[in-house]
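Q: Please take a close look at one helix in this model. I would like to know what it packs against and what it adds to the core.

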Amino acid sequence: MAYPNNYYPQFYPQNPQLQTMQPPVMPTVQIPTPQMATQQIEPLSGGLVNVRNETEARNYPVGYGKSVTFKDETAPYVYTKTMGFSQLEQPRFEKYRLVREDAETPNNAVENAKTENLPTYAEKAEIEDVRTEIKAIKDDIAKLKSIKKKREVILDDDE
Amino acid sequence: MMNSLLNTFQLLKSDPISVLSKRFNLPKDLKNPNDIIQHLLNTGQVSQEQVNQAMQLRNNPVIQQMFHLR
């Protein structure tokens, strides 16, 4: 007799003759298994062991052939300590600096500086306005110079 | 039963090293807690996961109060 499985859909043939041959499906009651009661305790920090500093991570006991990852509680660092498979092999300690991806990094800073130094463009009409202003100022200066010359000539004549 | 548990707890609190030495048959020269744990790991008496869980217990406020940590 086939045991019905609650987790996977059962295949039932469409042929009515075959359907009559099928044994009646017994309603099943889900009995809680002992596994549910004795669930494994989850790691407290998602697989990372919290340490207060690098020294604590370096001195942390690690079994042969095992590797433990540490998260520094006081600094943005992650450490890993990996032991060899015997006492002859030296433990390997690695230190990683945590960098926020959305924070401004030196590369980002260079990009931002580039965008800040880009030339700003003016419209043609604005440039024409500036040109006419400059021309007017030049004319004024030329007029003042001519007046000054005339005065000097008059003063020379008086002398 | 309750009294023996309390006695064990008191002994563990007052002299944890001697309790552990008897329980896990530790060498006499081992006094440093980290060395003891390393020995237990090397001899396969505890797993790395058990050590990690035990080490994280020190962040538990109840444990800190019980053993006067920090």
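A: What follows is a walk around one helix of chain B and its surroundings.

This is a predicted model: local features need pLDDT of at least 70, side-chain atom pairs count only at pLDDT 80 or more, and totals for chains, interfaces and linings use all residues. Residues are numbered from 1 along each chain as its sequence is written, while chains are lettered from A in the order in which they are written.

Helix α3 of chain B spans residues 33-42. Helices here are DSSP runs of H or I of at least four residues, strands are E runs of at least two, and both are numbered from the N terminus. Buried in α3(B) are B:Ile37, B:Gln38, B:Leu40 and B:Leu41. Buried means 20 or more other C-beta atoms within 10 Å of the residue's own, with C-beta atoms placed from the backbone. These residues sit on the same side of α3(B), because they cover an arc of only 160 degrees around the axis. The arc is taken from the directions from the helix axis to the C-beta atoms. They pack against α2 (16-24) and α4 (48-56) of chain B. Just after α3(B), B:Gly44 has a positive phi of about 75 degrees.

Now the core. The largest nonpolar core has 14 residues. Such a core is a set of buried Ala, Val, Leu, Ile, Met, Phe, Trp, Tyr and Cys residues joined through C-beta atoms within 7 Å. β1 (49-51) and β2 (67-72) of chain A, and α3 and α4 of chain B, each give it two or more residues. α3(B) provides the largest share, three residues.

Technical notes. Buried ≥ 20, exposed ≤ 12 C-beta atoms within 10 Å, placed from the backbone. Contact = placed C-beta atoms within 7 Å.
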